[in-house]
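Here are my notes on the model, set out as numbered points for your reading. Please keep the coordinates open alongside them.

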Amino acid sequence: MQVSVVVCTYAMDRYEAFTEAVESALAQTYDPLEVVLVVDGNEAVYERVLEDFGDVENVLTHCNEENHGISYSRTKGAELASGEVVAMIDDDAVAHEDWIAELVSTYEETDAVAVAGDVRPDWQTEKPDFFPAEFYWLVGCVEPGFADDGEEVRNGYGSNISFRRDVFLEAGGYDTHTGRRGDKHIQAHEAPVCIRIRELTGQGVVYTDDAVVDHKLFDYRGEFTWLVARSFWQGYSKRVMSLLYPDEDGDETDYLRFLFLDRVPRRVKGCVTKPSVAAVLQILTIFVFTGAVGLGYLYAFLTPGLLEKVETVEE
């Protein structure tokens with residue numbers, strides 16, 4: 001089973017992290033493997049990519065004519081790839097050396113059409129005292145209670161997800177209404193393609209916690225104001241998702257039930273038995289982040305012509 005790892009990037013200030021991501025893909029223990037590098041419309045970055053990786057065996061490079069966004073770039077990478085499976089990793093993540101081997105093992109042991117793995121936080125600064133682990137999904141990492149090993153889920157996280165290439169392309173790849181494009185973010189871009197794959201095949205994404213990627217969390221991801229804004233745009237994105245895929249119920253209700261009926265009571269009990277400032281701050285932050293998500297959803301709900309505004313991101 002040949003695997004193609006797709007790594008996309010777009011800005012020079014991310015190049016050092018991007019290089020580490022690529023090198024971790026090249027260092028995989030699994031073979032046969034190819035690495036597809038897609039630069040999203042930045043010729044200066046592409047020149048560096050050619051200089052550093054252009055002559056490396058089993059590396060394919062491509063530069064988009066203009067900045068189209070992460071969703072377009074990942075789909076382009078899958079189109080260029082030759083592997084039976086395409087695996088996606090963010091340009092600010094580093095894969096463990098057996099990452100691909102563990103993904104392939106899941107494909108071989110099941111009839112999976114998509115497999116996602118564990119995304120662990122790699123703080124590049126001191127982890128903020130106020131940050132609750134339940135909101136690691138906010139920064140692209142797997143949160144406690146996300147899934148059991150081998151469980152089928154709706155979608156995985158973008159730093160560690162893979163697809164059978166033919167199924168991925170038949171489903172239309174990523175939805176270009178969503179995903180990062182420069183400084184514009186319509187989040188939750190993994191969900192749409194996974195929803196369409198499930199509609200096409202009747203199967204969800206199999207999660208394995210043995211396939212591990214470390215996701216770099218830079219200083220700004222620990223800033224309270226940035227995280228509140230991120231929460232707001234997550235809520236906004238959820239409204240966009242509800243319009244793009246009106247028949248999809250999602251798992252937000254289950255998450256809120258788990259959060260407020262399980263995790264918060266546990267935290268409150270912990271504060272009583274072993275009080276600390278950090279513990280109290282994390283409980284308060286859970287409510288703030290949840291409220292910001294709700295405000296983002298409400299803002300999007302009250303925005304006239306929301307989908308028309310989203311479509312202008314592509315123009």
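1. Which strands and helices are included in what covers the buried residues of α1? The cover includes β1 (3–9), β2 (33–39), α2 (43–53), β4 (85–89), β5 (93–95) and β11, where helices (H or I, at least four residues) and strands (E, at least two) are DSSP runs numbered from the N terminus. The residues that are covered in this way are Y15, A17, F18, T19, A21, V22, S24 and A25, buried being under 20% relative accessible area, exposed over 50% and partly exposed in between, for a 1.4 Å probe and protein chains only.

2. On provenance, this is a predicted model, in which local features need pLDDT of at least 70 and side-chain atom pairs count only at pLDDT 80 or more, whereas totals for chains, interfaces and linings use all residues. Residues are numbered from 1 along each chain as its sequence is written, and side-chain values use heavy atoms, with hydrogens and water left out.

3. The geometry of helix α1 (residues 15–26) agrees with expectation: its 12 residues reach 16 Å from first C-alpha to last, close to the 16 Å expected at 1.5 Å a residue, the expected span being 1.5 Å times one less than the number of residues. Helix α6 (residues 190–201) also has 12 residues and reaches 17 Å between its end C-alphas, close to the expected 16 Å.

4. The buried residues of α6 are E190, A191, P192, V193, C194, I195, R196 and I197. Their cover includes α3 (70–80), β8 (161–164), α5 (165–170), β11 (205–217) and α7 (224–244). After α6 comes G202, which has a positive phi near 80°.

5. How many disulfides does the structure hold? There are 0, a disulfide being a pair of cysteine sulfur atoms within 2.5 Å. For C194 the reason is distance, because its sulfur is 16 Å from the closest cysteine sulfur, in C8, which is too far for a bond. C194 counts as buried because its relative accessibility is 3%, and C271 also counts as buried, at 14%.

6. A search of the whole structure finds 12 salt bridges, each defined as a side-chain nitrogen of Lys or Arg within 4 Å of a carboxyl oxygen of Asp or Glu. In one of them R14 pairs with D91, the closest N and O atoms being 2.6 Å apart. R14 lies in the loop between β1 and α1 and D91 in the loop between β4 and β5, so the pair ties together parts that are 77 residues apart in sequence. Both R14 and D91 are buried.

7. E134 deserves a separate look, since its side chain meets that of R263 in a salt bridge (2.9 Å, N to O). This pair links distant parts of the chain, with E134 in the loop between β6 and β7 (152–153) and R263 in helix α8 (residues 252–273), 129 residues apart. The side chain of R267 meets E134 in a salt bridge as well (2.9 Å, N to O), and here the partners, R267 in helix α8 and E134 in the loop between β6 and β7, are 133 residues apart. E134 is buried, with a relative accessible area of 1%. In addition, salt bridges that share partners join R14, D91, D92 and R221 into one network.

8. R120, in strand β6 (residues 114–123), is partly exposed, with a relative accessible area of 37%. Leaving aside residues up to four places away in sequence, R120 touches H96, C141, D209, V212, V213, D214 and H215, contact meaning heavy atoms within 4.5 Å.

9. Two backbone features merit a check. The peptide bond from D31 to P32 is cis, with omega near 10°, and P32 is placed in the loop between α1 and β2. N58, a residue other than glycine, has a positive phi near 65°; N58 is found in the loop between α2 and β3 (59–63) and counts as partly exposed at 45% relative accessibility.
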